[in-house]
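Subject: Structure for your files

Dear colleague,

Here is the structure you will be working with. Please open it alongside this message, as the notes below refer to it.

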Amino acid sequence: MLLQLLSLSVVFISGISAEYKNYDGFKILEVNFQNPRVRKYIQEIDKNLGFMPDFLGENWKQKQAHYFIDKDSVENVKTNLASNNITYQMRDVNPQIFKVRRRRDINGAITINDVNNRYLSYDEQMQFLNSIAQQYPNDVKLQKIGNSYEGRSLNAVRIGDDGSSKPIVWIDAGVHAREWISYNVALYLVYTIVSQPAYRDLLNAVQLVVVPNTNPDGYEYSRTNDRMWRKTRSRFSNGRCSGADANRNYPFFWGTQGVSHSQCSEIYCGSRPQSEPEVMALTNAIQREETRIKGYIALHSYGQEILYPWGHTMRTYPSDVQDLIQVGKAMAAAIRAVNNTDYNVVNSGDGLYPAAGASDDWAKSRGIKYSYTIELSPIDDYTGFSLPEDRINQVCREAFQAIQVLMIEVRSKFSIRQTTSSASSTSAQSSLLLKRMRTAVRGSGRG
Ligand code: ARG
Ligand code: ZN
C-alpha cells in the first residue's frame, strides 16, 4: 500500500531540556584486546565484571573495545580490571556529546543541505522524504510498512520500482536509536540516487528499497530524553524498563548468544522473537518480496566495519562466504577511494562478540545472498554516536559508494538487464567502478 505521508506540522522546541538524562561521572572504558588473554577476558566481560557493560563500539585499528561505564560502577570496574591484570584507560566523556542541540525545526523545506549538515528529527526526515517523493514522483514511492510501538509510521522508500521483477537491494538504518549518522546516510542515499542522472542505468536494472528510520520512537527519545538510548520504546508487562534491542529480536537463533533476557539490559532480546512491532513490520515487508532481494545492509555506528554473517555465534560461515568477503572488500575499496577512510571487512561473530537475533543473520537466513551490517564512522576519536555534524557529509559520500558497489554486483549477478560488457567478476566490476569514480573526482565530463 502506498501512501502520501501526512504533512507534519512544524514542532518548535527551544532551549535545553531539563529532563535530558545526566551522564556526569560516566566514563568510557577502553581496553586493548591485542593480547589473547585480554581478549578472552573481554569475551566474558559480563561474567568477569558481574554485569554486562554497555558496549559502544570498537577501534579495530588499535584493537580497542569501548564500553560506557556508569559513575557508580567506575571504581568497581577499575578494581576488577586491576586484579585481573588488564591494562585499560578510563576516559572522560566529551560533555559536548550530551548537550542537547535541539535546533528549532526550520519552518520551511528540509533540503539535502540539512541532511548533509545536521541531525534531523523524525518529522524532518519524513518531510524530506515527502518532498523528494513529490519532486520525483516516477522514481520514488513511499510505502508504509507498519507502525512503531508509539504509533509512528514506519516508511520504506521504493526507488526505481517499475512493477517489474528486477532484483532488489534493501537498506535499513537506525535500528539502534543513538546511532544518529545512519539516518543521514539513508536519506543522502535516497536523494543522491534519484537526483543524479548517472545512476539511471543502475536503477533500471536494480531496485532499491530504503527504510531510513527503523526505530523512530527510540530515535526521538534519544534526541529529547537520553542521548545514549539504543532500544525501542515498548513496554513489557511487569516491566521496570522500557524497550528491547530490536537487533536481538529477529527470529533466527533468537535469544541464544550475546543477548540478555532481562528487560533493563541494553541487549534485551524482547519477550519473544518479533515482539517489537518494528521488527514485525520489517520482517513482514522483507518476506513479501524476499525472493527478489539480493542485497541487504543494516546501517549502524560506530567502528568502520563491514560485517558479514553468521553473527549469532563464532567461527560459523555461510557456504558462499567467499562471495560475501569479496563484495565486502570491494565495498571497502570504494569507501577508501573517497577519502582514504579504512573500513575493516570481518565476520560479525568473530569480531568482538557474537549476537543472535540480528537483522543481518535473519536476512541471510531468508536467502538474501549479500547481507551485511555496516558500522559507520567514527573510529578514531571519542565522539562515538555523536559524530560531529561537520563530518556527516563525508560519511554519507563514503557509504553511498559502498552501496553502489553492492548494487552493481547485484546487477551483474542477478539482473536480466545487463549493460555494457558481460564482466561479472567482482574485481572487474569494482575496478571499473573505481576507474569511473576517479574520473568523476577529476571532474571530467565523461559519462
Ligand atoms: N553492533 C551490532 C549489534 O550489536 C552488530 C551486529 C552484527 N551482527 C550480528 N549478527 N552479530 O547489533
Ligand atoms: Zn547498532
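The notes below cover the overall make-up, the zinc site, the largest cavity and one loop residue.

Please keep in mind that this is a predicted model.

Overall make-up

The protein has 447 residues, and buried residues make up 60% of them. Its secondary structure comes to 13 helices and twelve strands. Among contacts between residues at least 6 apart in sequence, 76% join residues at least 24 apart.

The zinc site

Which residues coordinate the zinc ion (ligand 2)? The donors are ND1 of His176, two OE atoms of Glu179 and ND1 of His300, at 2.1 to 2.3 Å. Along the chain these donors follow the spacing H-x2-E-x120-H. Glu179 and His300 thus link distant parts of the chain, 121 residues apart. Glu179 sits in the loop between strand E7 (168-173) and helix H6 (181-195), whereas His300 belongs to strand E9 (residues 293-301).

The arrangement of the four donor atoms is irregular, because the angles they subtend at the zinc ion (ligand 2) run from 58 to 149°. For four donors to count as tetrahedral, all angles would have to lie between 85 and 135 degrees.

Are Glu179 and His300 buried or exposed? Glu179 has a relative accessibility of 3%, so it counts as buried. His300 is buried as well, with a relative accessible area of 3%.

The largest cavity

The model contains five cavities of 30 Å³ or more. The largest cavity holds about 350 Å³ of space. Its lining is made up of 27 residues, and those nearest the centre are Arg248, Leu307, Tyr353, Thr373 and Glu375. Two or more lining residues come from each of strand E2 (54-59), E9, strand E10 (305-308) and strand E12 (370-376). E2 gives the largest share of the lining, four residues. By class, the lining of the largest cavity has ten nonpolar, ten polar and seven charged residues.

E9 therefore appears in both parts of this message: as the strand that holds His300, and as one of the elements that line the largest cavity.

A loop residue

Glu290 lies in the loop between helix H9 (277-288) and E9. At 17% relative accessibility, Glu290 counts as buried, because the cut-off for buried is under 20%. Leaving aside residues up to four places away in sequence, Glu290 touches Arg366 and Ile368.

Regards

How values were computed:
Residues are numbered from 1 along each chain as its sequence is written. Chains are lettered from A and ligands numbered from 1 in the order in which they are written. This is a predicted model: local features need pLDDT of at least 70, side-chain atom pairs count only at pLDDT 80 or more; totals for chains, interfaces and linings use all residues. Side-chain values use heavy atoms; hydrogens and water are left out. Donors are N, O and S atoms within 2.8 Å of the metal (3.2 Å for Na, K and Ca); water is not among the atoms, so sites may look incomplete. Four donors count as tetrahedral if all angles lie between 85 and 135 degrees; four count as square planar and six as octahedral if opposite donors are over 155 degrees apart and all others between 65 and 115; anything else is irregular. Buried means under 20% relative accessible area, exposed over 50%, partly exposed in between (1.4 Å probe, protein chains only). On a 1 Å grid over the protein atoms alone, a cavity is a set of points where a 1.4 Å probe fits but cannot get out, and a pocket is an open set with protein on both sides within 12 Å along at least five of seven lines; lining residues have an atom within 4 Å of a point. Grid points are joined across faces, edges and corners, and a volume is the space filled by probe spheres set on the points. Ala, Val, Leu, Ile, Met, Phe, Trp, Tyr, Cys and Pro count as nonpolar, Asp, Glu, Lys and Arg as charged, and the others, Gly among them, as polar. Contact means heavy atoms within 4.5 Å.
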